[in-house]
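Hi everyone, thanks for making time for this. I'd like to walk you through one structure, starting with a sheet and ending with some charged side chains. Let me put it up on the screen.

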Amino acid sequence: MAKRPAHGNLIQTEILALLGAAGPLSRAEVAHRLNLGAATVTDHPRRLIGEGFLRELEPRASGTGRPRVPLQLVPDVAHVLGLRVAVDHLVGVVVRLDGRITTSSASPCA
């Protein structure tokens, strides 16, 4: 398997963060907001869709031309674990890709 350049991973992270914060956007809207070229915003979402991080929604008419296909983040495809270790307590959270906390726990340290 070919190794992807680090900047490719950064672009994908930016796309995921944008869609997580802004909600569904077309590829053209993603390109505009992130100041990216059209080819970049065609290739990276295709990979993210293939890996299950994004999904395409129903096309929406945009006046003239082809209908735009909104991309949506799939928030449950991965989770992030966060831990806070303090002198007197420990806090753990599990967070979806859209930032919603799914589980949290706090316990005192002995």
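Let's begin with the sheet: 3 strands form an open sheet, paired antiparallel, in the order 1-3-2. Strand 1, residues 25–26, and strand 2, residues 54–56, are at the edges with a single partner strand each, so one side of each has no neighbour in the sheet. Before we go further, please keep in mind that this is a predicted model.

Now look at the pairing of strand 2 with strand 3. Strand 3 covers residues 70–73, and 3 bridges join it to strand 2, the two running antiparallel. If you want a spot to zoom in on, L54 stands opposite L73 in strand 3.

What lies across these two strands? That is helix 3, residues 40–50, which lies across strand 2 and strand 3. Its direction makes an angle of about 105 degrees with strand 2.

Over on strand 1, let's pick out S26, which has its place in that strand. Is S26 buried or exposed? Its relative accessibility is 2%, and buried means under 20%, so S26 counts as buried. As for its surroundings, leaving aside residues up to four places away in sequence, S26 touches R60, R68, V69 and P70.

Next, the surface. There is a nonpolar surface patch of about 420 Å², made by L81, L83, V85 and L90. Which element gives the largest share of this patch? Strand 4, residues 79–85, contributes 3 residues, the largest share. One residue to look at there is L81, which lies in strand 4. L81 has a relative accessibility of 59%, and the cut-off for exposed is over 50%, so L81 counts as exposed.

On to the charges, which I suspect many of you were waiting for. How many salt bridges are there? The count comes to 5, and I'll show you some of them.

Let's go back to helix 3 for a moment. D43 forms a salt bridge with R47, and their closest N and O atoms are 3.3 Å apart. Both residues lie in helix 3, with their positions 4 residues apart in the numbering, about one turn of the helix. D43 has a relative accessibility of 27%, which makes it partly exposed. R47, at 32%, also counts as partly exposed.

Now please rotate to R96. The side chains of R96 and D76 meet in a salt bridge, 3.1 Å from N to O. This pair links distant parts of the chain: R96 is in strand 5, residues 89–96, while D76 is in the loop between strand 3 and strand 4, and the two are 20 residues apart. Why does R96 count as buried? Because its relative accessibility is 13%, and the limit for buried is under 20%. D76, for its part, is partly exposed, with a relative accessible area of 48%.

R96 has another partner to show you. Its side chain meets that of D98 in a salt bridge, at 2.4 Å from N to O. D98 is partly exposed, with a relative accessible area of 32%. Put the pieces together and D76, R96 and D98 are linked in a network of salt bridges.

So, to recap the charged part: R96, which counts as buried at 13% relative accessibility, is linked with D76 and D98 in that network. Thanks for listening, and I'm happy to take questions.

Terms used
Residues are numbered from 1 along each chain as its sequence is written. This is a predicted model: local features need pLDDT of at least 70, side-chain atom pairs count only at pLDDT 80 or more; totals for chains, interfaces and linings use all residues. Side-chain values use heavy atoms; hydrogens and water are left out. Two strands pair if DSSP finds at least two bridges between them. Contact means heavy atoms within 4.5 Å. Axes are lines fitted to C-alpha atoms, for helices over the stretch in contact, and angles run from 0 to 180 degrees between N-to-C directions. Patches are made of residues with over 30% relative accessible area and no salt bridge: like charges are joined within 9 Å, nonpolar side chains (Val, Leu, Ile, Met, Phe, Trp, Tyr) within 5 Å. Accessible areas come from the Shrake-Rupley method with a 1.4 Å probe; for residues, only the protein chains shown count as cover. A salt bridge is a side-chain nitrogen of Lys or Arg within 4 Å of a carboxyl oxygen of Asp or Glu. Buried means under 20% relative accessible area, exposed over 50%, partly exposed in between (1.4 Å probe, protein chains only).
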